[in-house]
Amino acid sequence: MLSGMTSSKPLVWLHGEVKTPPFSRAARIEAGFLLRRLQSGELIEMPLSRPMHDIGTACHELRVDAGDATFRILYHIATEAIVILEVFQKKSRTTPKQVIDVAKKRLRAYYRIIRED
């Protein structure tokens, strides 16, 4: 490792992907840049990311503007990784209950698997 560089956490994708389409090329690059910042240990705050306490501790919603669409990446900051719970297009001010419920279920499954290892 080079001097001054920190190790980064891996991304664990439980669901979703960031690809063009539906993301614009610029939005895909922005999402990658923001995820890389998270991997390096940076905490991203509003307006780019907001806590999602309804899902669980250390869960957040990353905001990615794709020009004509707005996407969200739900993620969890675990000790060992950045866990991607869901990627979806946001069409209203609130995150749909179904999306929150699915993210909670995936987070529980992730920790169940981690405990088994």
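This tour goes through a predicted model, one selection at a time, starting from a central strand and ending in a helix.

**Strand S5.** Begin by selecting residues 82–89, which make up strand S5; seven of these eight residues are buried, so the strand is largely enclosed by the rest of the structure. Now add strand S1, residues 11–13, which pairs with S5 in the parallel sense over three bridges, and look for Trp13, whose bridge partner in S5 is Ile84. Then add strand S4, residues 70–77, which runs antiparallel to S5 and is joined to it by seven bridges; here His76 has Val83 as its bridge partner in S5. If you follow the chain from S4 to S5 you will trace a hairpin, with four residues between the two strands.

**Lys90.** Next select Lys90, which is found in the loop between S5 and helix H2. Is Lys90 buried or exposed? Its relative accessibility is 10%, and because buried means under 20%, Lys90 counts as buried. Show its side chain and you can pick out a polar atom that lies 3.3 Å from the backbone oxygen of Arg93, as well as a polar contact, also listed at 3.3 Å, with the side chain of Thr95. Leaving aside neighbours within four places in sequence, the residues in contact with Lys90 include Phe71 and Thr70. Select Arg50, Glu61 and Arg72 together with Lys90, and you have a network of residues linked by salt bridges.

**From S5 to helix H2.** Return to S5 and select Glu86, whose side chain meets that of Arg106 in a salt bridge with an N to O distance of 3.2 Å. Glu86 lies in strand S5 and Arg106 in helix H2, so this pair ties together parts that are 20 residues apart in sequence. Glu86 is buried, at a relative accessible area of 9%, and Arg106 also counts as buried, at 19%. Staying in helix H2, select Asp101 and Lys97, which are four residues apart, about one turn of the helix, and which form a salt bridge whose closest N and O atoms are 2.7 Å apart. Here Asp101 is partly exposed, at 32%, whereas Lys97 counts as exposed, at 60%.

**Helix H1 and beyond.** Finally, select Arg25 in helix H1, residues 25–39, which counts as exposed at 58% relative accessibility. Arg25 and Ala66 are 41 residues apart in sequence, yet their C-alpha atoms are 8.3 Å apart in space. Your last selection is Arg37 with Glu42, whose side chains meet in a salt bridge at 2.5 Å, N to O.

Methods. Residues numbered from 1 in each chain as written. Predicted model: local features only at pLDDT ≥ 70, side-chain atom pairs only at ≥ 80, totals over all residues. Heavy atoms only, no water. Buried < 20%, exposed > 50% of the residue type's maximum accessible area, 1.4 Å probe, protein only. Pairing = 2+ DSSP bridges. Polar contact = N/O pair within 3.5 Å; in protein donor to acceptor, adjacent residues only side chain to side chain. Contact = heavy atoms within 4.5 Å. Salt bridge = Lys/Arg side-chain N within 4 Å of Asp/Glu carboxyl O.
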